[in-house]
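Visitor: I am new to this structure and would love a short tour. Could you take my questions one at a time?

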Amino acid sequence: MSVLITGASGTLGRTVARRFTASGHAAVLGTRTPETLAARGVEDADVRRLDFADPSSFSGALHGITEVLLIAPLADAHSDQKLKPFVEAALAHGVEHFVVNSAHMATLSETFVLRRLERLVEASGRGWTHLRSQWYMSTLTRGLFTPMLRQGEYLLPVGPKDEIAYVAVQDVAEVAALVLTAPEQHSCKIYELTGPASLDGPTVASLCSDAWARPVVFRSLSEDAYAHACGAAGLHEDAVSLLLELFTAVRGGDAARTTTTVRDLTGHAPFDLGESSPRTPDAGGTAVSTTTPRPLTIDADAPLVLTEVERAATGPVEVVLGPGVHERVAACHAFALRRMQDGCPVYGATTGFGPLVGFRGREDPADQCENALAHLGAGQGPDLAPATVRAAVLIRLSSLCRGYSGVSVAVVDALSAALGSTFAPAVPRLGSLGASGDLVPLSYVARALCGDGHAYVDGRRVPADEALSLAGLTALELGGRDALALVNGTSLTAAAAGLATASLIRSRTSAVLLSAVLTDVLGAEPAFIAPELLAAFGHPEAAQVGGELREHLDGLIPSGTRLLQEPYSVRCTPQLIGAATSALAYGRQVVDHDLNSVSDNPLFFPDQDLVAHGGNFFGQPAAFACDLLTLAATQLGNLAERQLDLLVDPLRNGGLPPMLSNDPGRQHALQGVQLAATAIVATMRRNAHPASVQSLPTNLHNQDVIPFGTQAALNTLDAAHHLRLLQGSLALALRQAAHLGHRTLTPDSIALIDQLASICPPIEQDRPLDEEIRHAADLLDRLAQPS
């Protein structure tokens with residue numbers, strides 16, 4: 001056997017090479033910089049130049065090779081545009097088996113890249129095995145663990161977020177060697193490198209020895225030894241502190257604490273690659289993960305829901321068009337073309353745009369499409385968040401798949417493919433009136449899909465044609481009324497409104513929990529949540545909130561030192577949050593309608609032989625709803641800010657020190673947090689003025705009344721983001737108040753404070769708290785996520 005090992009300049013690559021060489025197999029190391037690898041003293045290995053970006057290096061690297069081990073290939077080749085030519089060259093050279101260790105397996109787009117390559121390999125009758133570490137191993141090791149790993153005796157945390165284990169880096173090499181030397185015994189496609197939630201070396205070693213039928217030796221470290229190793233590696237003391245936090249969290253099996261510590265180390269939480277089915281052993285006893293990304297199905301007759309919008313916004317998602325969608329879209333497209341060929345006037349296809357509808361459009365359909373997009377390219381301001389744009393792409397796709405817009409099948413296929421990658425058009429924030437659809441911003445979406453303008457891929461802003469190539473996508477060619485159908489709807493408005501609504505639903509749940517913990521920390525009397533009192537109020541949402549508060553406060557022991565009546569920021573929480581609950585219910589109803597509307601003009605009804613011109617692009621419902629949601633979010637922000645003020649005020653907080661400082665004057669604790677919270681709530685108030693009544697005539701009085709739905713929705717999305725930060729600030733204050741106080745809290749309060757404590761140590765000495773506020777907001781989001 002002769003094995004080409006890519007990614008060989010790293011610790012893992014060199015370890016694998018030594019394993020193969022020791023077992024009598026030829027190990028060839030492929031690297032862009034052979035001279036660097038040779039200088040590191042790799043023994044008994046053939047080092048060859050291999051650069052995924054340079055196909056001329058393939059032939060020399062693959063000469064005489066029978067097996068290929070791709071170590072973290074997506075670190076060097078960002079898409080199958082680079083990897084695919086290498087795999088094809090390997091197949092042409094007679095390579096029989098590919099093993100991929102996706103240590104960089106962090107996003108669903110990378111999952112799809114590897115899936116496409118797997119299909120390519122298997123179609124050629126060759127072998128493909130995938131070894132996956134579920135966490136972003138490279139990020140964890142970079143600058144933190146690498147110095148220890150080079151010594152070959154320290155352990156690395158890998159595994160899904162609820163099943164943490166420490167696995168030595170050599171054991172990735174161990175599994176790779178097993179697969180290539182005895183593939184008939186290890187035929188499963190995915191190996192999960194996980195073990196029990198423990199650092200007990202013998203237990204983990206026994207588990208892996210049974211699974212892999214080979215002796216595996218682990219070294220279990222004590223906390224002191226771990227601290228010494230961190231210090232010996234020359235790590236900054238903050239990094240050592242975080243590593244020790246991770247060590248104790250993993251040893252204690254505390255998944256939430258582990259997650260937040262990983263976030264501190266890497267800047268993000270552990271990635272979830274989709275829903276998991278139960279883990280089952282294969283015939284050889286190896287733990288096989290059946291984790292697969294769950295496709296998102298767009299069906300012409302099935303509703304699009306908020307959870308699907310958030311999925312598409314936050315990461316690549318495999319989109320499947322339901323039964324009959326292609327046929328319905330194709331039939332409508334054919335009908336639209338036929339009516340145009342018969343001389344039927346069709347707005348924007350045979351005519352000019354807007355008030356120029358009385359003039360003929362361009363004769364060539366492709367030229368007409370280009371003109372539709374070109375004159376709308378006038379947006380200004382910073383780019384919208386890629387997540388918001390991706391949500392808009394999904395909603396536009398859903399609208400077009402209803403089969404009333406007359407677009408070509410190529411359009412819906414292109415939108416589907418884009419959502420399956422990390423591709424997100426770069427769209428400026430300013431430009432839409434939400435009246436004739438989101439014309440200006442959606443023109444940037446359409447142009448990016450055609451390879452014009454700019455787009456984001458893997459979080460990087462690049463020219464759109466380059467982004468398409470990196471994402472493995474093909475530029476879209478438009479004809480008929482494709483361009484106008486892509487822009488003539490309120491999909492961006494619906495996207496911003498949908499994402500904001502989903503966030504506010506969670507924040508409403510957080511407001512109840514935080515209010516309960518505040519009541520508990522203060523030792524307030526619970527008379528204000530008496531069911532008889534709230535029933536008499538006559539608003540069922542207030543009674544509902546009161547019931548939730550009573551559940552959280554089960555076991556409350558009042559201090560007996562508070563005034564008869566608490567400030568309104570405690571006493572009136574059922575009424576305030578109840579009213580917000582009612583506003584959210586209305587807003588969600590409108591958003592659900594918008595997610596599933598056909599916002600376009602004109603619409604085509606082949607069965608009725610009808611082309612209907614009208615105003616389904618007019619975003620008034622969303623404008624009204626979003627203005628209401630912004631008001632509700634702002635009042636919830638007012639509540640959180642006033643609750644924070646109550647906690648830091650020694651005259652009202654039940655005897656706690658000013659600013660919750662353990663040494664007032666020398667330490668200022670929450671003082672900076674309160675200043676920032678005041679600025680945030682002032683921003684929310686300033687932006688809460690309704691957008692839906694700002695109508696200004698424009699477009700030669702063609703658009704003589706406009707709803708400004710897009711601005712209303714983006715205001716709501718901003719308000720939702722600001723509210724999360726205010727609630728994160730309040731959560732930090734509650735954690736500090738519980739630390740300084742001496743009250744016996746309810747079980748629900750203790751549960752929240754304990755989880756906050758895992759991400760926010762007591763404030764004994766002043767330190768920056770900005771990241772901890774965001775982490776606390778993230779924690780509240782997770783706790784409020786509907787089950």
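Visitor: How many residues apart are Asp592 and Arg588 in helix α24?
Guide: In this predicted model, Asp592 and Arg588 form a salt bridge, with their closest N and O atoms 3.7 Å apart. Both sit in helix α24, which covers residues 573–595. About one helical turn separates them, because they are 4 residues apart.

Visitor: Is Asp592 buried, partly exposed or exposed?
Guide: Buried would need under 20% relative accessible area, and exposed over 50%. Asp592 has 28% relative accessibility, so its class is partly exposed. Its partner Arg588, with a relative accessible area of 34%, is likewise partly exposed.

Visitor: Which residue does Arg642 meet in a salt bridge?
Guide: Look in helix α25, residues 620–648, where Arg642 and its partner lie 3 residues apart, about one turn of the helix. Arg642 is partly exposed at 39% relative accessible area, while the partner counts as buried at 15%. The side chains come to 3.3 Å, N to O, and the partner is Asp645.

Visitor: How many residues apart are Asp520 and Arg743?
Guide: These two side chains meet in a salt bridge at 3.4 Å, N to O. The pair links distant parts of the chain: Asp520 is in helix α20 (residues 491–522), and Arg743 is in the loop between α27 and α28. Asp520 is buried with a relative accessible area of 0%, whereas Arg743 is partly exposed at 27%. Along the chain, their separation is 223 residues.

Visitor: What is the count of salt bridges?
Guide: A salt bridge here needs a side-chain nitrogen of Lys or Arg within 4 Å of a carboxyl oxygen of Asp or Glu. Some join into a network, which links Glu310, Arg506, Arg724, Asp778 and Asp781. By this rule the count is 21.

Visitor: Which helix holds Glu370?
Guide: Glu370 gathers with Asp452, Asp465 and Glu466 in a surface patch of negative charge. Glu370 counts as exposed because its relative accessibility is 54%, and exposed means over 50%. Its place, within residues 365–374, is helix α14.

Visitor: How many of the 15 residues of α15 are buried?
Guide: Helix α15 runs over residues 386–400, and at 1.5 Å a residue it should span 21 Å. Its end C-alpha atoms are 21 Å apart, which agrees. The helix is largely enclosed by the rest of the structure, because the number of its 15 residues that are buried is 13.

Definitions and conventions. Residues numbered from 1 in each chain as written. Predicted model: local features only at pLDDT ≥ 70, side-chain atom pairs only at ≥ 80, totals over all residues. Heavy atoms only, no water. Patch = residues over 30% accessible without salt bridge, like charges linked within 9 Å, V, L, I, M, F, W, Y side chains within 5 Å. Areas by Shrake-Rupley, 256 points an atom, 1.4 Å probe, with all protein chains shown as cover. Lys, Arg positive; Asp, Glu negative; His and termini not counted. Charge placed at Lys NZ, Arg CZ, Asp CG, Glu CD. Helix = DSSP H or I, 4+ residues; strand = E, 2+ residues; numbered from the N terminus. Buried < 20%, exposed > 50% of the residue type's maximum accessible area, 1.4 Å probe, protein only. Expected span 1.5 Å × (residues − 1).
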